[in-house]
Amino acid sequence: MSAAGDHFTVQEVRLHESWLGTSGSNAASDQDGFVSAKLSVANGVIAGIEPLPDNPLRPVTMPCFLDCHTHLDKGHIWPRSPNPDGSFSGALDSVGADRKANWTTEDVEARMEFGLKCAYAYGTRAIRTHIDSLSPQEHISWPVFETVRERWKGRIELQAACLFGIDAARNAEWFYELADLVARSGGIIGAVTYMVDDLDELLDLVFRAAIDRGLELDFHADETDDIDARSLHAIAKAAKRNGYEGRILVGHCCSLARQPANAVLACLDDVAEQNISVVSLPMCNMYLQDRRSDQTTPRWRGVTLVHEMKARGINVCVASDNTRDPFYAYGDLDMLEVYRMATRTCHFDHPVGGWPKSVLANAASAMGLEHGATIEIGAPADFLVFEGRTWTELLSRPESNRTLVRNGLVVPREIPSYDELDHLMEQTN
């Protein structure tokens, strides 16, 4: 398969109805929503989609992934700063010590670059990363982000949201300076919310800052099994109270799965009324949540109530979260791995339905991307061709031999070697 200039390619492929857009309206799909078609590519865009009448098995082909919640600035510090017990508190301590000791411009840039090379090779075309922004780190990491974003333009569209504990906003002077920095950098205002006594007042401060600067919002919320952790609901109420009309993305929301039905329904009804998307991070949440010091088996999955959210029309996504850092010792920014884990953990199957949108069109909506994640006539020819011919074949193997097409061209997939970071791992806290 190849394409260049005004040449075109025709490929027999399997496409899922959830990413076909209007181009698949007349195609007859199988029980999982797949249709076989001849796909034409010309001048960097999808030029034609011709369904095959007998729907034969062909390689699954899907749009390039969108990863709407990552931490590129934390990535790959595990070798020098592991989490001693795998706990959430242990992760906080390890990251805090590593940040203070090692997060120079050179260190952050090298690790971000490594993560982006991985994500690109696996087929991701857009990423939102959170940037640890407690002073003085914001003055190091945000300029690095701007440099890296410019370098990767045309390959991965990069977004960034600042990250700090919501209680730090009590220092309003510092917070407004950070908000101005984020605005100058073309970023998003974000914070970690938890049940402090003045949460509503702090949320109002954050919302007003976003409104005044015309910025979107992105929160970490309720990443705990504490039944009384209900900051997702507080965010929804704050959005309504402040008349905020911009996009809001909220990650984790783990505690919602532990709460009684009446509290859940009240929360989700209010979330559905606002322009709020929710992203579940199944790999990291499975790793951290319900980890017990007595080495007993975890009793719950740690993911939020994605099915109940979807039923209310809430835009639901899944994403990578952390990679090889104290919050998650594994991962490689491969969104196929993320979706495979989400399918098994959250039951994104039987039927498959529209769940593939959680790493495609839903993520595009949450990120406000100009181009959605579809394979339809006129769309950019950015897609992946896998060896698997059905959903169960695709999600059963790592698909190491996937083919990446960007702008109508087959792109070599070069996954970087870990030894590129060895010189950074020699540093110690």
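**Rings and a parallel sheet**

Let's start with one contact: Arg291 lies over the face of Tyr287, with 4.5 Å to the ring centre. Keep in mind that this is a predicted model.

Stay with Tyr287. Tyr287 also has an aromatic partner, Tyr330. In total, the structure holds 18 aromatic pairs. How is such a pair described? By the distance of the ring centres and the angle of the planes. For Tyr287 and Tyr330, the centres are 5.9 Å apart and the planes stand at 85°. Planes over 60 degrees apart count as edge-to-face, so Tyr287 and Tyr330 are an edge-to-face pair.

Where do the two rings sit? Tyr287 is in helix α8, residues 282-288, and Tyr330 is in the loop between β12 (315-318) and α10 (335-346). The pair therefore ties together parts that are 43 residues apart in sequence.

Buried or exposed? Tyr287 has 13% relative accessibility, so Tyr287 counts as buried. Tyr330 has 51%, so Tyr330 counts as exposed.

Next pair: Tyr339 and Trp391. This one is edge-to-face, at 5.7 Å centre to centre and 65° between the planes. Tyr339 belongs to helix α10, and Trp391 to helix α12, residues 391-394. These parts are 52 residues apart in sequence, so the pair ties them together. Both Tyr339 and Trp391 are buried.

Which cluster do they belong to? Tyr339 and Trp391 join Trp19, Phe34, Phe348 and Trp355 in one aromatic cluster. Trp355 has a charge over its face as well: Lys310, at 4.4 Å from the ring centre.

Now, the sheet. Three strands form an open sheet, in the order β5-β6-β7, with parallel pairing. Which strands stand at the edges? β5, residues 65-70, and β7, residues 157-163. Each has a single partner strand, so one side of each is left without a neighbour in the sheet. On average, neighbouring strands here are turned by 10° against each other, direction ignored.

Look at β6 and β7. Strand β6 covers residues 124-132, and 7 bridges join β6 to β7. The two run parallel. To pick out one residue: His130 has Ala161 of β7 as its bridge partner.

What packs on this sheet? Helix α2, residues 105-122. Helix α2 touches β5, β6 and β7. The direction of α2 makes about 155° with that of β6.

To close, go back to the start. Find Tyr287, with Arg291 over its face. Then find the buried pair, Tyr339 and Trp391. Then find helix α2 on the sheet.

Notes. Residues numbered from 1 in each chain as written. Predicted model: local features only at pLDDT ≥ 70, side-chain atom pairs only at ≥ 80, totals over all residues. Heavy atoms only, no water. Phe/Tyr/Trp six-rings, centres within 6.5 Å; stacked < 30°, edge-to-face > 60°. Helix = DSSP H or I, 4+ residues; strand = E, 2+ residues; numbered from the N terminus. Buried < 20%, exposed > 50% of the residue type's maximum accessible area, 1.4 Å probe, protein only. Lys NZ or Arg CZ within 6 Å of the ring centre and 35° of its normal. Pairing = 2+ DSSP bridges. Axes fitted to C-alpha atoms, helices over the stretch in contact; angles between N-to-C directions. Contact = heavy atoms within 4.5 Å.
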